[in-house]
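This briefing is meant for someone meeting the structure for the first time. Please look over the sequence and the model before reading the notes below.

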Amino acid sequence: MKKRFRPGEFLIERSIQGVAFISLLFICLIFVFVFREAVPLFTGKADVVTAHEEVGAAETYGEDASAPLPQAQQELEQKHVPFRAAALTAKDWQPVSLEPKYGLWPLLVGSLKVTFIALLLAGPIGIFAALYTSTFAPKWAREGMKPVIEILAGFPSVVVGFFALVVLASILQNLFGFQYRLNAFTGGVAMALAVVPIVYTVSEDALAAVPKALTEASLALGATRWETALFIVLPAATPGIFAAMILGFGRAFGETMIVLMATGNAALLTPSLTDPVRTLSATIGAEMAEVVFGDIHYRVLFFIGALLFIISFSLNAIAEFFVRHRLMKRFKGA
C-alpha cells in the first residue's frame, strides 16, 4: 500500500534531519578548530612571543619610548623559550615565568582526584535512589521524586560552585578540620551534586527496563522485595548502571565552573585529597583570556582542550557501543 504524502509530516521530518545535521556539523567544526590550534605545538610552528614585543606596546609614563634599553634588560626581554613535547610530562605547571613549565601531571591528577571523589559520593546515592524509585516507591512518590532530582541537572554550574565556595567549604572545614578551606574534597562534594542527576536518570531507566518476569519469579520463589531488588534487579541492570557511571565520570572530568570556584586552583602534585588542586578544564577557564595569541601557552591550552575532547568522546563511545550493545546482549542471553 502506497504511503500517502503529507506535507506537514514531510516538513517536520526534514526539519529534524536538518537540525541533527547542523548539530553534527558544529561539533565537527569545534573538533577541527581545537585540533588545528593545538597541532603547531608538535610541528615546531608555535610562535614564541618574547617579552620585548610586549614591552614595546606598554605605557612609558613620560619616558622616551624610542630610547635604547639597558643591556641587561635587552638580554632578558629578548630571551626565547624553546618548547619540547616532553615538557608536557613534567611535574610543574608554571606557564608564566622566566622559564615556563607546562607539565600536565598536576592538572591531570587534580582532575582525577575531584572526579573520583564525586563518583564515590554520587554513584551510590544515584544508584540506590534509582533503585528505590523504580522498585519500592509508590506511584505518587515516584512522580514527585524523579522530576525533582532531574531538575538538579538543570542548575547552572556556577550556582553550584558559588554554593560550594560560600557555604559548603566552610561547613566541611569546620566538620573535618581541613587546613585549606578550598581543596579537592570540597570540589568533589560539590561536583557530586552535578553528577547525581545523570547517574540517577540513566540508572533508573536501566532498572525500569528489567523484565517484570524476573521480579515475579524471584518473589514467587520466596525472596523478599529487598532480596529481589539487590540480587535480581540490580545485577540485571548492571550494563545500564555501568554506562551511568561512565557518563558521570565524563561529566565530572569536563566540568569547569564548579572546580574553578571550589578547589583552590593550586597546581599541586600531592597524594592528599585535602590539598588544593587545579584541573584541566579549570586551567583553560582561568588562563585562556590572558594568554598571547599564538604563543606556546596558547597552544598548550588548546592541547588541553583537545585532550578533554578525546577523553569525553572515548567515554561516550565506551558507554554507547561497548556497554549498551555488548554487555546488554550478554545479559539478555543473546
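The notes that follow begin with the chain as a whole and then turn to particular residues, grouped by topic.

The model is a predicted one, and its protein chain folds into 14 helices and two strands. Of the 334 residues in the chain, 35% are buried. The accessible surface of the chain amounts to about 19600 Å², and carbon and sulfur atoms account for 67% of that area. When contacts between residues at least 6 apart in sequence are considered, 72% of them join residues at least 24 apart.

**The nonpolar core**

- The largest nonpolar core has 67 residues, and within this core Val300 and Ile304 are the residues that touch the most other members; helix 8 supplies the largest share of the core, with 13 residues.
- Once residues up to four places away in sequence are set aside, Ile304 touches Trp93, Leu104, Leu107, Leu280, Thr283 and Ile284.
- Leu88 sits in the loop that runs between helix 4 (71-77) and strand 1 (93-94), and Leu88 counts as buried because its relative accessibility is 8%, which is under the 20% limit for that class.
- Beyond residues up to four places away in sequence, Leu88 touches Leu41, Phe42, Phe83, Tyr102, Gly103, Leu104, Trp105, Val300 and Phe303.
- One of these partners, Gly103, is 15 residues from Leu88 along the chain, and the C-alpha atoms of the two are separated by 4.4 Å.

**A buried serine in helix 8**

- Ser203 belongs to helix 8, which spans residues 184-208, and Ser203 is classed as buried because its relative accessible area is 0%.
- Apart from its neighbours within four places in sequence, Ser203 is in contact with Ile127, Ala130, Ile241 and Ala244.

**Salt bridges**

- Side chains of opposite charge can pair when their charged atoms come close, and the structure holds seven salt bridges.
- Arg36 and Glu37 form one such salt bridge, in which the closest N and O atoms are 3.0 Å apart, and Glu37 is buried, with a relative accessible area of 7%.
- Arg36 and Glu37 also belong to a network of salt bridges that links them with Arg299.
- Asp205 forms a salt bridge with Lys146, where the closest N and O atoms are 3.7 Å apart; this pair links distant parts of the chain, since Asp205 is in helix 8 and Lys146 is in helix 6 (residues 139-151), 59 residues apart.
- Both partners of that bridge are partly exposed, Asp205 at 41% relative accessibility and Lys146 with a relative accessible area of 22%.
- Glu255 and Arg251 meet through their side chains in a further salt bridge, at 2.4 Å from N to O; here Glu255 is buried, with a relative accessible area of 8%, whereas Arg251 is partly exposed, with a relative accessible area of 25%.

**A buried lysine without a salt bridge**

- Lys113 lies in helix 5, which covers residues 105-136, and this lysine is buried yet has no salt bridge.
- The nearest side chain of opposite charge to Lys113 is that of Asp275, at 5.7 Å, and the pair does not count as a salt bridge because the nitrogen and the carboxyl oxygen would have to be within 4 Å.
- With its neighbours within four places in sequence left aside, Lys113 is in contact with Ala184, Thr270, Pro271, Ser272, Leu273 and Val277.

**A nonpolar patch on the surface**

- Phe162, Phe163, Val166, Val167, Ile171 and Leu193 together make a nonpolar surface patch of about 500 Å².
- Helix 7 (residues 157-176) provides the largest share of the patch, five residues.
- Phe162, one of the patch members, has its place in helix 7 and is partly exposed, with a relative accessible area of 49%.

**A backbone angle to note**

- Asn265 has a phi angle near 55°, a positive value in a residue other than glycine.
- Asn265 is located in the loop between helix 12 (257-262) and helix 13 (280-287), and with 25% relative accessibility Asn265 counts as partly exposed.

Key: Residues are numbered from 1 along each chain as its sequence is written. This is a predicted model: local features need pLDDT of at least 70, side-chain atom pairs count only at pLDDT 80 or more; totals for chains, interfaces and linings use all residues. Side-chain values use heavy atoms; hydrogens and water are left out. Patches are made of residues with over 30% relative accessible area and no salt bridge: like charges are joined within 9 Å, nonpolar side chains (Val, Leu, Ile, Met, Phe, Trp, Tyr) within 5 Å. Accessible areas come from the Shrake-Rupley method with a 1.4 Å probe; for residues, only the protein chains shown count as cover. Helices (H or I, at least four residues) and strands (E, at least two) are DSSP runs, numbered from the N terminus. Buried means under 20% relative accessible area, exposed over 50%, partly exposed in between (1.4 Å probe, protein chains only). Lys and Arg count as positive and Asp and Glu as negative; His and the chain ends are not counted. Contact means heavy atoms within 4.5 Å. A nonpolar core is a set of buried Ala, Val, Leu, Ile, Met, Phe, Trp, Tyr and Cys residues joined through side-chain atoms within 4.5 Å.
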